[in-house]
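Please open the structure in the viewer and follow the selections in the order given below. Each stop names what to select and then states what is found there.

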Amino acid sequence: MSSEDGHGTSTHKHVHGGEEEGATPSKRKKLCSLGTGEMVHVLHFRAKPGKKAEFEVIVQEIAHGLYHLEAGISDVRVGHPSCNEVCFILTFLTSEDLSKFRAGPEQDALSALKDVVEGGKETFSATGTLMPDTHTLPTLLAYLKKHVTGPSHEGHDVATVGRELTKWFPRPEEYKQYVHWDSDATKYTRNLIFSNEHMDVLLMCWPPHCKSAIHSHESSSCWVVLVEGSVVEVQYNSPKLDIKFIQAEMKNPTGAVGRCTKLRVINEAILSENGVTSSYANDDIGVHRIENRSDKPAYTLHVYAPGLKKMKIFKESGEVSVFTVASVPYTSEGGSRTGYWGSNTNPDGVLDISAWNNEQAGGSATSSSVTSPALLSEIAEQAPPSITSQ
């Protein structure tokens, strides 16, 4: 049983979905919303002095009856701490099933026990939603370190890792240190939580009506888990690349430009706090983009395994252009701003050429994505607006 923070109750209270009856409901998702919704009901009784023998006989009969309940109940446990006390722990499928039990069999049990128990009633009772097996951020990272390894997505147990990720109950107290925004309110940010040779774990912060470029993940797995708000993952078929691009990529792995077949949407997944909360992509499935179509900020946890060293950026309509770019610097690492993220940094990994030129900045760029003036010009001409204008 749990309240919002997972604490059991020590007095007679009815907690539903992590909130006490009569409490003003919070808009934030409750811990027990990640579980089955089963309701746990606990009753404790203690015998009156001199009534132990009668108490034991009645308790035995009640326990026998409870063990044979079948409809609407998923578990029955009877604790017997001593010969003068008993604790009934019952789990019901729904709150409606619990209510029916309290109005029927529980009243029969109370009537049978009232003359032999202290106070003529239970000495303790508590009711609440069955607390699910969930992760804090530290336990989630510990799981990922142990189970996400290898040089490509082909060695990952995608479904199992995905299920574990959805067990994370995001608390602002855990993730708010990783929330950092760009001075440009249209740009999303990439904030590193953890990194090793097998994966990068990032918190992505999405301003309202912001979206990433359409991109690939090379050999990496990409798990996306909603933290707060709502985003849409749009998946596209993996396009065919022209020979010119393939040859250019061999010569210039971090700055090739070419063409590919037109993209086709194959799936849209709305990730929301009260619905589906996770998605997965790799290049065998397709390429994708993330969009915040709402009027509020959104936050997502991304696990790239292995961490992205480069990716291809695609244009959706018309003659589709393709870019291979080096991975972009992170806005923050471990909760602290890196200093490598500036007004000229594009979160998709392509240098923001318009901002660079408008500011008439000199010297070396903060991103290693582009390596020559000629390539800068070519990308500026072919890059989609979602890349160059952010």
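Begin by selecting Arg 46, whose bridge partner in E5 is Glu 85. The model shown here is a predicted one.

Next, select strand E3 (residues 39-46) together with strand E5 (residues 85-92): the two run antiparallel and are joined by eight bridges. Widen the selection to the open sheet of four strands, which has the order E4-E5-E3-E6 with antiparallel pairing. At the edges stand strand E4 (73-82) and E6; each has a single partner strand, so one side of each is left without a neighbour in the sheet. From one strand to the next, the twist averages 10°.

Add helix H2 (residues 95-103), which lies across E3, E5 and E6 and runs at about 25° to E3.

Now move to Thr 136, located in the loop between strand E6 (124-129) and helix H4 (137-147). Is Thr 136 exposed, partly exposed or buried? Thr 136 counts as partly exposed, because its relative accessibility is 34%. Show Trp 168 and Glu 174 as well, since Thr 136 touches both, leaving aside residues up to four places away in sequence. Pro 170 is 34 residues from Thr 136 in sequence, yet 7.3 Å from it in space, C-alpha to C-alpha.

Finally, select H4 and helix H5 (residues 158-166), which pack at an angle of about 170° with their axes 10 Å apart. The two helices, H4 and H5, are therefore roughly antiparallel to each other. Leu 140, Tyr 143 and Leu 144 in H4 meet Thr 160, Val 161, Glu 164 and Leu 165 in H5. By class, this contact of H4 with H5 has five nonpolar residues, one polar and one charged.

Conventions: Residues numbered from 1 in each chain as written. Predicted model: local features only at pLDDT ≥ 70, side-chain atom pairs only at ≥ 80, totals over all residues. Heavy atoms only, no water. Buried < 20%, exposed > 50% of the residue type's maximum accessible area, 1.4 Å probe, protein only. Contact = heavy atoms within 4.5 Å. Axes fitted to C-alpha atoms, helices over the stretch in contact; angles between N-to-C directions. Parallel < 35°, antiparallel > 145°, perpendicular 65-115°, else oblique. Nonpolar A, V, L, I, M, F, W, Y, C, P; charged D, E, K, R; others polar. Pairing = 2+ DSSP bridges.
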